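Let's take a walk through this structure together, starting with how some of its helices meet and ending in its interior. Keep the view open as you read.

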Amino acid sequence: MALDKPYKNVPGTIIFDAEMARKGYHLNQFSMSLMKPENRERFLADQEAYLDEWPLSPKQRQAVLDMDLNAMMAEGGNIYFLSKIGATHGLSFQQMAGSMTGMSEAAYRDMMIGGGRRPEGNRLKDLDGWTPPAPGEKSETMRENPPARFTSALYTSHVPAIGAAMDLGKTEEPYWKKVFSGYEWTRKWAKENTPDVVILVYNDHATAFDSSIIPTFVLGTGEEYPVADEGYGPRPVPDVKGYPELAAHIAQSVIQDDFDLTLVNEMVVDHGLTVPLSLVYGELGVDEEWPVRVIPLAVNVVQYPVPSGRRCYELGKALRRALDKWDGPELNVQIWGTGGMSHQLQGPRAGLINEEWDNAFMDHLIADPLGLTEWPHMEYVDEAGSEGIELVDWLIARGAMDDQFGGGSPTVDHRFYHVPASNTAVGHLVISNPVAPKSDEAAAEGQSAPVQAESADRPLAEANA
Ligand SMILES: [Fe+2]
């Protein structure tokens with residue numbers, strides 16, 4: 001089920017998309033380094049030595065030394081970035097463009113003076129009768145036996161003080177023991193249900209993004225994400241390994257599905273992402289590794305306007321369509337929604353907790369996610385506190401589940417609620433899509449059977465009785 005990339009066939013043209021950006025990442029970043037005069041000087045003085053500082057592939061390196069722009073673009077370079085190399089060599093943009101056409105500089109210049117290259121004979125439709133594709137239909141049904149299986153959704157608060165309690169060895173203290181007791185089941189379950197990748201939905205807390213840029217939805221397409229220093233020093237936990245191939249695929253599919261994501265290759269990740277990992281996988285040190293690869297998906301809830309619950313739910317649906325289009329290696333995928341529950345960190349109303357509202361939110365998330373999308377922002381802020389708005393993050397994971405695509409209802413494997421953790425109510429849910437055995441053999445051996453929570457695993461209807 002290949003993604004829709006008709007631009008791949010436009011003659012004499014390389015379109016720079018997420019796949020190419022991943023391939024050419026270091027080449028393009030090297031090109032950008034030539035924005036600084038001192039770097040241009042060093043590059044011109046000794047190109048080989050300067051290139052040694054960049055992890056380019058042999059083909060990319062040779063293409064730079066040959067000043068072969070076509071070869072650089074074939075290896076993921078983008079002309080806007082690569083033009084910095086040309087400029088360093090003193091080439092004009094016209095000289096650079098001409099160098100890629102096989103024409104002499106004079107012939108190219110004359111062609112441009114004569115009105116430029118005519119489109120006739122240089123278009124895809126001239127070559128094969130191509131007509132623009134109809135807008136892609138948005139599937140409302142699931143793919144049977146997809147290589148990327150979305151197995152479970154996990155929801156949790158990501159209170160920074162929970163991370164500090166783990167980092168400072170306070171988990172056995174009576175105050176914190178009550179919080180962590182709600183995750184004992186999850187840690188056991190997580191050991192037996194480790195996915196290949198977690199798409200981790202969270203919100204950045206003025207850490208990776210400040211007032212200079214306010215992206216609504218950020219998809220992490222990088223290889224690795226360092227743990228942020230949020231003012232107290234970085235948490236002593238492992239850096240996070242990404243999954244750039246799957247992230248690039250998701251970017252391609254979701255943006256074609258009308259969601260204008262911001263793609264970020266380099267960013268630090270704050271407690272919103274690392275605290276859930278610690279809650280589920282335990283206290284790992286900086287020299288250890290998280291057992292999963294993570295694709296960060298950050299939602300702006302810092303500066304209004306923030307996306308609605310409905311928008312987040314629809315993004316979840318687009319995410320599921322992307323997973324269903326994956327034709328790469330077989331993957332077990334979990335989507336986590338994090339943040340909340342009720343809390344207000346500001347002003348005279350700080351400390352607001354609304355247990356009834358929080359539990360109603362979880363009830364609706366389980367049984368009536370579409371109805372939940374109708375709850376307006378004011379409802380979150382008024383009832384769950386100004387920072388309770390983080391709960392919209394949960395709708396993304398829920399929108400991607402089987403029952404939103406005509407499949408079976410999820411099972412509620414685990415549910416927990418506690419007040420307080422510092423200023424915040426803690427909510428936690430694990431709900432799973434119905435198990436679809438990959439083969440008769442697997443079913444016979446029970447390899448896909450979910451771990452049953454004691455008295456917690458129950459059909460949806462019963463859970464809401
Ligand atoms: Fe938060």
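One term is useful before we start: angles under 35 degrees count as roughly parallel, over 145 as roughly antiparallel, 65 to 115 as roughly perpendicular, and the rest as oblique. Also bear in mind that what you're looking at is a predicted model.

Now find helix α14, residues 244-256, and helix α16, residues 309-324. Their axes come within 9 Å and cross at roughly 125 degrees. That angle falls outside the parallel, antiparallel and perpendicular ranges, and α14 and α16 are therefore oblique to each other. The crossing of α14 with α16 is right-handed. So which residues of α14 and α16 meet there? On the α14 side they are H249, I250, S253 and V254, and on the α16 side A318, L319, R321 and A322. Sorted by class, this contact of α14 with α16 has five nonpolar residues, two polar ones and one charged one.

For another pair, go to helix α2 (residues 25-33) and helix α7 (residues 79-88). Here the axes come within 8 Å and cross at roughly 45 degrees. With that angle, α2 and α7 are therefore oblique to each other too. The crossing of α2 and α7 is left-handed, whereas that of α14 and α16 is right-handed. From α2, the contact takes in N28, S31 and M32, and these meet F81, L82, K84 and I85 of α7. By class, the contact of α2 with α7 splits into four nonpolar, two polar and one charged.

Next, the interior. In soluble globular proteins, nonpolar side chains tend to be buried together. In this model, the largest nonpolar core has 90 residues, and I199, V201 and L319 have the most contacts inside it. Helix α16 gives the most to this core, with seven residues. You've already come across L319, where α16 meets α14.

What is V201 in contact with, leaving aside its neighbours within four places in sequence? The list runs L297, V299, I335, W336, G337, T338, D393, I396 and A397. Apart from the 90-residue core lies another one, of 13 residues, including F43, L69, M72 and F81. F81 is also one of the α7 residues in the contact with α2.

Three of V201's partners, D393, I396 and A397, sit in our last stop, helix α20, residues 392-399. Eight of the eight residues in α20 are buried: V392, D393, W394, L395, I396, A397, R398 and G399.

Technical notes. Residues numbered from 1 in each chain as written. Predicted model: local features only at pLDDT ≥ 70, side-chain atom pairs only at ≥ 80, totals over all residues. Axes fitted to C-alpha atoms, helices over the stretch in contact; angles between N-to-C directions. Helix = DSSP H or I, 4+ residues; strand = E, 2+ residues; numbered from the N terminus. Left-handed = near helix turned anticlockwise from the far one by under 90°. Contact = placed C-beta atoms within 7 Å. Nonpolar A, V, L, I, M, F, W, Y, C, P; charged D, E, K, R; others polar. Core = buried A, V, L, I, M, F, W, Y, C linked by C-beta atoms within 7 Å. Buried ≥ 20, exposed ≤ 12 C-beta atoms within 10 Å, placed from the backbone.
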